[in-house]
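Trainee: I am new to this structure and should be grateful for a close look at one part of it. Might you take me through the disulfides, and then through what lies around them?

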Amino acid sequence: GFCVNECINDCEGCPELTNCGDGKCQADEFETCSTCPGDCGCPDGQTCYKGACCTSNCDGKACGDDGCGGSCGSCTGTCYGGTCMTGPGCSTSSYPGCGGCACHPCVCNQDSFCCNTAWDSLCATACIEKCGGCK
């Protein structure tokens with residue numbers, strides 16, 4: 001707010017944008033001190049994303065991308081396909097290995113980093129996708 005007031009009061013105001021309210025958000029419309037509405041003219045319930053109006057969708061998702069640059073939630077384990085995977089091998093760790101989870105040998109054969117350095121999100125995803133899942 002302080003910066004906006006300085007722009008208006010100390011810097012000869014702000015230019016009016018001629019494309020405000022057209023339903024397409026331009027980069028200069030996101031955070032300007034003009035009369036352009038904060039939603040860049042998008043209908044209620046929509047947000048601006050990549051230059052167009054977007055309706056987020058988290059139906060059936062506990063985590064992951066909402067389709068409009070936001071998030072549907074977060075997990076203590078790994079988010080996979082909108083579901084929080086929390087079983088052994090699905091949780092990330094700064095320590096090597098997964099504590100003897102069922103997918104440990106399979107993942108380590110594919111990526112030694114997982115068992116020598118840390119069990120990161122790539123290790124957890126390999127457990128889910130390539131090594132029988134988290135059990």
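Mentor: In this predicted model, Cys68 is buried, because its relative accessible area of 8% falls under the 20% that marks a buried residue. The partner of Cys68 is Cys54, and the two sulfur atoms of this disulfide are 1.8 Å apart. The pair links distant parts of the chain, for Cys54 belongs to strand E2 whereas Cys68 sits in the loop between E2 and E3, 14 residues apart. Cys54 is buried as well, with a relative accessible area of 14%. The torsion about the S-S bond of Cys54 and Cys68 is about -85°, and the disulfide is therefore left-handed.

A second disulfide involves the loop between E2 and E3. Cys63 and Cys79 are joined, with 2.1 Å between their sulfur atoms. Because Cys63 lies in the loop between E2 and E3 and Cys79 in strand E3, the pair ties together parts that are 16 residues apart in sequence. Here the torsion about the S-S bond is about 90°, so the disulfide of Cys63 and Cys79 is right-handed. As for accessibility, Cys63 counts as buried at 1%, while Cys79 counts as partly exposed at 33%.

The loop between strand E2 (52-54) and strand E3 (78-80) also holds Thr76. Thr76 is exposed, its relative accessible area being 72%. Leaving aside neighbours within four places in sequence, Thr76 is in contact with Thr86 and Ser91. Thr76 and Thr86 are 10 residues apart along the chain, and their C-alpha atoms are separated by 6.9 Å.

A further disulfide leads to helix H4. Cys114 is joined to Cys123, with an S to S distance of 2.0 Å, and both of these cysteines are buried. The torsion about their S-S bond is about -95°, so this disulfide is left-handed. Cys123 belongs to helix H4 (residues 121-130), where Ala124, Ala126, Cys127 and Ile128 are also buried. The buried residues of H4 pack against E3, strand E4 (83-85), helix H2 (104-110) and helix H3 (113-116).

The two ends of H4 deserve a word. At its start, a side-chain oxygen of Asp120 reaches to within 3.1 Å of the backbone nitrogen of Leu122. Just after H4, Gly132 takes a positive phi of about 85°.

The disulfides described here, namely Cys54 with Cys68, Cys63 with Cys79 and Cys114 with Cys123, are among the nine disulfides counted in the model.

Methods: Residues are numbered from 1 along each chain as its sequence is written. This is a predicted model: local features need pLDDT of at least 70, side-chain atom pairs count only at pLDDT 80 or more; totals for chains, interfaces and linings use all residues. Side-chain values use heavy atoms; hydrogens and water are left out. Helices (H or I, at least four residues) and strands (E, at least two) are DSSP runs, numbered from the N terminus. Buried means under 20% relative accessible area, exposed over 50%, partly exposed in between (1.4 Å probe, protein chains only). Contact means heavy atoms within 4.5 Å. A polar contact is a pair of N or O atoms within 3.5 Å; within protein, one must be able to donate a hydrogen and the other to accept it, and residues adjacent in sequence count only if both atoms are side-chain atoms. A disulfide is a pair of cysteine sulfur atoms within 2.5 Å.
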